[in-house]
Amino acid sequence: MEETSYADLPLFEKSTHYFVRSQLVREKEMPHVNISCSTDAASYVRKQIGDYDREVILAIALDARHNVNATSMVHIGTANESVADTSDILRVALYSSSRNLIVAHNHPSGDPSPSAEDKALTKRLKEAAALLNITLMDHIIIGNNGYYSFADEGILA
């Protein structure tokens, strides 16, 4: 590996402040997916994380026409719990320049009913997203044969 001397570095790198330049890189072109309702969202989520034996939190960022811009597994937890930081979830929308977000996770137990923690996470996400001008469109929980949609239940209205 070739060494670079301090004198060869660009001027902004010589200061005591460091700037990290980030760039969204697509490793592969995403197929066109449009999510127009909770059924579409649950189907998409089931394809992504339906077979996991541990709870997985998925963040799905959407453009203005509800096409998927980015999907990220934010956290993989245990058989009955997964705890993700609100900023980790919102970062998916921010990095993909999306203004709409769906968060989803699975319940390996098979019962898609939300827990108190699921409800608390949804409330925190909705409030934090609103501060960033991001709409939390839904929080989907998938189980064995069904799903629970916070939007369909009127909790996000």
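# Pocket, strands and core

Tutor: The second largest pocket has 19 lining residues, with Glu 55, Ser 82, Ser 115, Glu 117 and Asp 118 nearest its centre. This is a predicted model: local features need pLDDT of at least 70, side-chain atom pairs count only at pLDDT 80 or more, and totals for chains, interfaces and linings use all residues. Residues are numbered from 1 along each chain as its sequence is written, and side-chain values use heavy atoms, leaving out hydrogens and water.

Student: What makes a space a pocket, and a residue part of its lining?

Tutor: On a 1 Å grid over the protein atoms alone, a pocket is an open set of points where a 1.4 Å probe fits, with protein on both sides within 12 Å along at least five of seven lines. A lining residue has an atom within 4 Å of a point. Glu 55 is in the lining, so it meets that cut-off.

Student: Why do we say β1 and β2 pair?

Tutor: Strands are DSSP runs of E, at least two residues long, numbered from the N terminus. Pairing needs at least two DSSP bridges. β1 (residues 56–62) and β2 (residues 68–76) have seven, in the antiparallel sense, so they pair. One bridge joins Ala 59 to Ser 72.

Student: How do you know that Leu 101 is in contact with Ala 59?

Tutor: Contact means heavy atoms within 4.5 Å. Ala 59 is among the contacts of Leu 101, so these two meet that limit.

Student: What makes the largest nonpolar core a core?

Tutor: Its members are buried Ala, Val, Leu, Ile, Met, Phe, Trp, Tyr or Cys, joined through side-chain atoms within 4.5 Å. Buried means under 20% relative accessible area (1.4 Å probe, protein chains only). The core has 21 residues, including Val 74 and Leu 101, so both are buried.

Definitions and conventions:
Helix = DSSP H or I, 4+ residues; strand = E, 2+ residues; numbered from the N terminus. Buried < 20%, exposed > 50% of the residue type's maximum accessible area, 1.4 Å probe, protein only. Lists of a residue's contacts leave out its neighbours within four places in sequence.
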